[in-house]
Amino acid sequence: MRWLSRVPAWAALAALVAVSTLVRWLAAWQVGSPWIAPDEIVYTLLGRSLWETGRLTILGGATGFYSLLYPTLVGLPLSLDDVAAGRRILQGLQALAMSLTAVPVFLWARTLVRPRWALAAAALALTVPPLAYSGLVMTETLYLPLATLALYLLARALVEPIAANQIRLAAVITLVLATRLQGLVLLPVAATALLAFAALSRERRLLRPFRPALVLALVVAVAGLVAGRGSLGAYAAALDGPFDAEKALRFVLLHAAGIVLLSGIVPALAFALAAAPALRGREASAEVRAFVAVTLAYLPWLALEVGVFAAHEIGHLAGRDLVTATPLLLVGLVLWLERGAPRPWPLAAVLGAGTAVGLLLIPIRWEARRETIHDTLELVALSRLGLDARLLAYVLFVVVAITATLLVPRRLTAALAISVGLVFAGASVVASAEMRSQAGLREGAVLGGAPNWVDAAAAGPVVYLDTGEPRWTSVWQHLYWNRSIRAVWSLSERPIPGPLPQTRVVALSNGRLVDRDGLVDAPAVVVPTNVAVAGTRVAGITQEGMEAAGLALWRAEPPLRLRSSTAGVLANGDVHDVADVTVYGCRPGRLELTLLGKSGRDVTLRLDGVEHRVVPLAGGTVWRGAVQTTASARADGRGDFELASEALFGSTRIEFVGS
């Protein structure tokens, strides 16, 4: 194996990036649909709009700033007629982008350790589970490599504060901000790192070359926040409403512990031990002092920023917002190993005990749930365990990681890096499998196994009419796959979450729809199957886990009007207590019913509030009948039917038939 030592470091690095790109692309190949909604669809629609119109809009409406650089990347491939093919092309580009994180990691580590250890740091950076986000349409794919590069350039500028280094740093920070507004944290980080570097170097004169840059950064940060407060996209909501200081503090501490956990624990402890000489003023290397200063500046600011945001908006550990911390700690790990893995006592014992306490206070049963793992891919494996097994596995992992870091013989400490890589690689495999599974489930349940069914059947623009379906992500998923949907209208008072332009409409007694400006019309409309439209049903899908049995595409008879709508009937026909059927422009006819006795309770049938009859439904009874109407009891021409019981009953037919 001597030939390995003769391979140039750059060639080995290029090989690592190439292999990582291929592996991550293959892992993402079967992630055929969005998993994280509405985030993935927001960036998709912004990208398509940018490439097609030159504007960052969704359905032609302003959304506030989410990203510029990322929509530029995703917009072109996802604008292809074949959305699935475009997604696979994008996944390859993103696998390459995330794998390029290894480059700044290597360059940074190379200034601190020998090439083989720098390559080890780069290799470890390519095993971290969040690289699986390359299979999704998420800004992490650009933010991780760019933020890592910005932090490396910050360290270089501290060591060599020449104008060229500061200009490079400013340029990359600009790219970071254009990718994701979370990058605003780099401005206070840069100032804090400069102060920390001066303190570690015992040299105040180091501040002088950066005075113009610090003033400019402060002015830009303040002006940007003041001028753009109303257009901060997903981050704007975190600035609204009352501020709960106690909750924010709890979440900041949670995310500080989360940084340690998601790094694999060993790298965080290794960095703390490697930084000890610099903190004591005994570090001779300016490069190491700069690395320690940047890391010590970045981690607290990151925990503060993400913790406050998560306390207000997310409510659990936002692991994917902490992903940029891990590359720094991996560099710290190889620095510690290069220097012989020093573990001075009692410092090592204090660090180990403090780390254990912080990590064991994380409510892992809550944080490692199937509902939250899209934000913390590192915890997917734990989420598959029962509550008690989850806690036991977590405690064992914490104890083993801390004990190994502090007690493994020095001749075996290199095995710690290998162990971290194996843990990360295993977690990546599990995360990728979960991602494929969840995307497939959503495609089957929400899209009926035919994602672009609307485009396939529509002959022109289509309106999606939402009726308040609790699983509102169905709307976003359909916008991703079907570009013929040009507008979203809502009959519900509850708006669809996310930056989606939507029109609130109300149905008149004759079935016509109005918004605040008057009557609205459309040639075709997608509605839940519990809504009937005057016109021809062109296509439809069956959905799972929804209030309605599915969706249908109707070609409307002009002008667009509803015929009927049903509420309170589950997709399987069950009714809990009350079902309401509204017939618009009610004409002579009958509501034909087939009801099933399940609880043994009677069902009362009413028309416009007037009791029609009481149907006895013993358990197992099947009743077929109708509520007859010769004319609507209401002058406005709308008929309201009600099926009420004190308990559960079933149905297989609820349909109004005109005479």
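In this predicted model, 6 strands come together as an open sheet, lined up in the order S5-S4-S3-S9-S12-S11, with mixed pairing. The two ends of that row are strand S5 (503-504) and strand S11 (535-542); each has a single partner strand, so one side of each is left without a neighbour in the sheet. Further inside the order, S9 is followed by S12. Strand S9 covers residues 524-528 and strand S12 covers residues 550-556, and the pair runs in the antiparallel sense, joined over 5 bridges. To pick out one contact, Ala524 has Arg555 of S12 as its bridge partner.

There is also an open sheet of 3 strands, this one antiparallel, with the order S6-S7-S8. Its edges are strand S6 (506-507) and strand S8 (518-520), each of which pairs on one side only. Strand S7, made of residues 513-515, pairs with S8 in the antiparallel sense, and 3 bridges link the two. Among the residues involved, Asp515 has Gly518 in S8 as its bridge partner.

Away from the strands, the surface has something to show as well. Leu80, Ile89 and Leu93 together make a nonpolar patch of about 230 Å². Of these residues, Ile89 sits in helix H5, which spans residues 83-99. Is Ile89 buried, exposed or partly exposed? Its relative accessibility is 42%, so Ile89 counts as partly exposed, since that class lies between the limits of under 20% for buried and over 50% for exposed.

Conventions. Residues numbered from 1 in each chain as written. Predicted model: local features only at pLDDT ≥ 70, side-chain atom pairs only at ≥ 80, totals over all residues. Heavy atoms only, no water. Patch = residues over 30% accessible without salt bridge, like charges linked within 9 Å, V, L, I, M, F, W, Y side chains within 5 Å. Areas by Shrake-Rupley, 256 points an atom, 1.4 Å probe, with all protein chains shown as cover. Salt bridge = Lys/Arg side-chain N within 4 Å of Asp/Glu carboxyl O. Helix = DSSP H or I, 4+ residues; strand = E, 2+ residues; numbered from the N terminus. Buried < 20%, exposed > 50% of the residue type's maximum accessible area, 1.4 Å probe, protein only. Pairing = 2+ DSSP bridges.
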